[in-house]
Amino acid sequence: MGGHDHHGPPYKVPDASIYKVADAPQLVEVERALARRGLKDPWLRNEVWRYNVHQFSTHRSRLMNFLFKGFPLGFAAFVATIGIEFALGIDYHAHHHGEHGDGDHGHGEGGHH
C-alpha cells in the first residue's frame, strides 16, 4: 500500500543481549536489594540503556533536551513576529477607545455603540 519500497526500518534495533545489568552500578544495587528479598526482575536488563551516559547522555540532559528542543526556533519566531508587527505598525491595543469615560464602558440605554 502506498507504493513505497522499504527494506526494513531506517534504524537498527540493538540486540538485548548487549545490555548487561553489571554495566549499570545503580541497577546492580537494585538487583542486590531484590535478591535480599528473594526476588528477581528478569526485565531489569531493559533499563540498562538509561544508564549508558556515553551513548544516551544523562536523564537530566535527556529531559532538558525534550523540554527545550524547539525553544530556539520558537523564540526566534516570537522575536520575528514582534519585529514584523512593530514594522507594520500593528497595535492590538488601539481597538479599546472610548472605554474610560462614563463608567458604563459605552453600553448605555441606547444599546450598542
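**A tour beginning at Glu 85**

Select Glu 85 first: this residue is buried (under 20% relative accessible area, with a 1.4 Å probe and protein chains only), yet Glu 85 has no salt bridge, and the nearest side chain of opposite charge, Lys 69, is 28 Å away. A salt bridge here requires a side-chain nitrogen of Lys or Arg within 4 Å of a carboxyl oxygen of Asp or Glu. Lys and Arg count as positive, Asp and Glu as negative, while His and the chain ends are not counted.

The model is predicted, with local features needing pLDDT of at least 70 and side-chain atom pairs counting only at pLDDT 80 or more, whereas totals for chains, interfaces and linings use all residues. Residues are numbered from 1 along each chain as its sequence is written, and side-chain values use heavy atoms, without hydrogens or water.

Next, display Tyr 92. Its side chain is joined to that of Glu 85 by a polar contact of 3.1 Å; such a contact is a pair of N or O atoms within 3.5 Å, one able to donate a hydrogen and the other to accept it, and residues adjacent in sequence count only if both atoms are side-chain atoms. Add Ile 90: Glu 85 touches Ile 90 and Tyr 92 (heavy atoms within 4.5 Å), leaving aside residues up to four places away in sequence.

Now colour helix α4, residues 71-88, which contains Glu 85. Helices are DSSP runs (H or I, at least four residues) and strands likewise (E, at least two), numbered from the N terminus. The protein has four helices and zero strands.

Finally, select Gly 38, just after α1, where phi is positive at about 80°.

Key: Buried means under 20% relative accessible area, exposed over 50%, partly exposed in between (1.4 Å probe, protein chains only).
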